[in-house]
Amino acid sequence: MDFEPLPSAAGDATADETPPGRAVCSSGCGRPSTVCLCPYLPASPLPTSTTVVILHHPHALRRNPLSTLPLLARSLSNLRLIPGRRLLPSSAPLIAKPVLLLFPSPDAADLASWCRSTPPPARANPTLLLLDGTWKQAKEMHAASLSFLSSFAVPVSLPVDCGVDGDSMFEGELVVKKEPHKGCMSTMEAVARALRLLEPEGRGAEIEDTMVGVLRAMVAFQAEHLQHRPMKPRVKMRKKKDIKREEEMKRDARLE
């Protein structure tokens, strides 16, 4: 499978769901003009010694208006995107070693610990591989790709506490949506945190700050929108036996 470029902003989910007549930014981010992120994006995509490769679920863009992939594509120059549900052996020649699979699996080493214990020559110009989708999709993609990836990829992760519930958008300034566990994060934040550790000569901190600034602005716009959006009351779901009991009570009342 060859690397495919990210679809233009006009074809992603955010733009597709823009109501007719609403002005859309055409100079960079492709978002509605009222929530344009161009002032927060780098003037040009940031170069990195790390090659970031993202296997993204086919639905990640079309059905997820909060996907951070479009912003990643406009933030990093050394980024490759592969649409699919699993990584195929045909992609191997396109991935330079060493390959770090960033995914919170039980056998994954802490990325910071891996960087400290690995000599600089052995971790120079790495490939950082991530799986993008819902957490359920990512787990399925990981399982489907593991037999191939286990032959060459080093499993690493950022700290995640599975014993603590994750934050929601209103509890964290970088949380795009409710996360299942403490430490879980969006793809863009995960890339930013990883590049801080992987990039040489202190460049990682600068790259992280820029990417986090874009993500923080996106979350702030979304939180502001949700706070002012009228919420429809949820329909109370009733059990069939309760409905049947109410019907019997009404029928008995009519017969009295």
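## Contacts of Arg86

Contact here means that heavy atoms lie within 4.5 Å. In this predicted model, Arg86 touches Leu55, Ala144 and Ser145, leaving aside residues up to four places away in sequence. Arg86 belongs to the loop between strand S2 (79-83) and strand S3 (99-102).

The side chain of Arg86 is neither buried nor exposed: with a relative accessible area of 43%, Arg86 counts as partly exposed, because that class lies between the 20% and 50% cut-offs. Arg86 and His142 are separated by 56 residues in sequence, while their C-alpha atoms are 7.3 Å apart in space.

## Salt bridges in the model

Side chains of opposite charge can pair when their charged atoms come close. Across the whole structure, a search finds 4 salt bridges. Three pairs, among them Arg193 with Glu189, are described below.

## Pairing within helix H6

Arg193 and Glu189 form a salt bridge through their side chains, with an N to O distance of 3.2 Å. Both residues lie in helix H6 (residues 187-198), where a spacing of 4 residues places them about one turn of the helix apart.

The two partners fall into separate accessibility classes. Arg193 is partly exposed, at a relative accessible area of 25%, whereas Glu189 is buried, at 11% relative accessibility. Glu189 is assigned to the buried class because its value of 11% is under the cut-off of 20%.

## A link between helices H6 and H7

A salt bridge also joins Glu208 and Arg196, whose closest N and O atoms are 2.5 Å apart. This pair links distant parts of the chain, since Glu208 is in helix H7 (residues 203-228) and Arg196 is in helix H6, 12 residues apart. Glu208 counts as buried at 6% relative accessibility, while Arg196 is partly exposed at 43%.

## Pairing within helix H7 and the shared network

Arg203 and Glu206 form a further salt bridge, with 3.4 Å between the closest N and O atoms. The two residues are 3 positions apart in helix H7, and therefore about one helical turn separates them. Arg203 is partly exposed at 26% relative accessibility, and Glu206 is likewise partly exposed, with a relative accessible area of 48%.

Salt bridges with shared partners join Glu189, Arg193, Arg196 and Glu208 into one network. Of these residues, Glu189 and Glu208 count as buried, whereas Arg193 and Arg196 count as partly exposed.

Conventions: Residues are numbered from 1 along each chain as its sequence is written. This is a predicted model: local features need pLDDT of at least 70, side-chain atom pairs count only at pLDDT 80 or more; totals for chains, interfaces and linings use all residues. Side-chain values use heavy atoms; hydrogens and water are left out. Buried means under 20% relative accessible area, exposed over 50%, partly exposed in between (1.4 Å probe, protein chains only).
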